Amino acid sequence: MFSDRANEQGAMIAKIINGKGGPALAARVAANFRQWLSEYWNGNEAFAVAYCVQVLAEACGGCRGEWGTLSEKQQSAVVWFFSLMCLPSPETVEEEAAAFYGHVLVSGDLASLARTADILRGRA
């Protein structure tokens, strides 16, 4: 189950993906991300991502599961998207990662999500 914070952030990201969110909404999503880094990770994005990648990789089956089928570039994109959408705290990251992967399985696969993340990041 996603936190209320993740549900709100996810709804805003969905609007952006569907072309219904403008620059103000994108700025709000980015501000939420910066606040998350400050609030839970002392502003250290590298530490937050390292922590999230380990937990997310395990939730997605590890090196022998679907996670292991992704390139490093795809893994990076998925971790970025997870962090941006879920904004997990150190206490909720495992639960959020499991919920995130469960949602991905319902809607597609990690490789497709990585492509979406790259489009959002302007790297497609």
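Is leucine 87 buried or exposed? In this predicted model, leucine 87 turns out to be buried, with a relative accessible area of 3%. The residue sits in the loop between H4 and H5, and its backbone is a little out of the ordinary. Its phi is near 45 degrees, a positive value in a residue that is not glycine. Most residues other than glycine have a negative phi.

Leucine 87 also turns up among the contacts of glutamine 9, a residue of helix H1 (residues 4-17). Glutamine 9 counts as buried, at 1% relative accessibility. With neighbours within four places in sequence left aside, glutamine 9 is in contact with Val29, Asn32, Phe33, Leu84, Met85 and Leu87.

A second residue with a positive phi is asparagine 42, where the angle is near 50 degrees, again in a residue other than glycine. Asparagine 42 belongs to the loop between H2 and H3. What about its surroundings? Asparagine 42 counts as exposed, because its relative accessibility is 75% and the cut-off for exposed is over 50%.

The two helices on either side of that loop come next. The axes of helix H2 (residues 23-41) and H3 come within 10 Å of each other and cross at roughly 85 degrees. H2 is therefore roughly perpendicular to H3. On the H2 side, Phe33, Trp36, Leu37 and Trp41 take part, and they meet Glu45, Phe47, Ala48, Tyr51 and Cys52 of H3. Phe33 of H2 has already appeared, as one of the residues in contact with glutamine 9.

Helix H3 (residues 45-59) also packs against H5, at an angle of about 50 degrees and with the axes 9 Å apart. That angle makes H3 oblique to H5. The crossing of H3 past H5 is right-handed. Here Tyr51, Cys52, Val55, Leu56 and Ala59 from H3 meet Val93, Glu94, Ala97, Ala98, Phe100 and Tyr101 from H5. Tyr51 and Cys52 are thus listed for H3 in its meeting with H5 as well as in its meeting with H2.

H5 has a further partner in H4. The axes of H4 and H5 come within 11 Å and cross at roughly 115 degrees, which makes H4 roughly perpendicular to H5. H4, too, passes H5 in a right-handed crossing. Val78, Phe81, Phe82, Met85 and Cys86 make the contact from H4, while Val93, Glu96, Ala97 and Phe100 make it from H5. Met85 of H4 is also among the residues that glutamine 9 touches. As for H5, Val93, Ala97 and Phe100 are named in the contact with H4 and also in the one with H3.

Two residues of H4 deserve a look of their own. Glutamine 75 is placed in helix H4 (residues 72-86). Its relative accessible area is 19%, so glutamine 75 counts as buried, the cut-off being under 20%. The side chain of glutamine 75 reaches the backbone oxygen of tryptophan 67 at 3.1 Å. Beyond residues up to four places away in sequence, glutamine 75 touches Trp67 and Leu70.

Lysine 73 also lies in helix H4, but this residue is exposed, with a relative accessible area of 52%. Which residues does lysine 73 touch, not counting residues up to four places away in sequence? They are Asp118 and Arg123. Lysine 73 and aspartate 118 are 45 residues apart in sequence, yet 9.4 Å apart in space from C-alpha to C-alpha. Their side chains are joined by a polar contact of 3.4 Å.

Aspartate 118 leads on to the last helix described here. In helix H6 (residues 110-120), the buried residues are Leu110, Leu113, Ala114, Ala117 and Asp118. These residues lie on the same side of H6, because they cover an arc of only 140 degrees around the axis. The buried residues of H6 pack against H4 and helix H5 (93-107).

The ends of H6 have their own details. At the start of the helix, a side-chain oxygen of aspartate 109 comes to within 3.3 Å of the backbone nitrogen of alanine 111. After H6 comes glycine 122, and its phi is positive, near 75 degrees.

Conventions: Residues numbered from 1 in each chain as written. Predicted model: local features only at pLDDT ≥ 70, side-chain atom pairs only at ≥ 80, totals over all residues. Heavy atoms only, no water. Helix = DSSP H or I, 4+ residues; strand = E, 2+ residues; numbered from the N terminus. Buried < 20%, exposed > 50% of the residue type's maximum accessible area, 1.4 Å probe, protein only. Polar contact = N/O pair within 3.5 Å; in protein donor to acceptor, adjacent residues only side chain to side chain. Contact = heavy atoms within 4.5 Å. Arc of directions from axis to C-beta. Axes fitted to C-alpha atoms, helices over the stretch in contact; angles between N-to-C directions. Parallel < 35°, antiparallel > 145°, perpendicular 65-115°, else oblique. Left-handed = near helix turned anticlockwise from the far one by under 90°.
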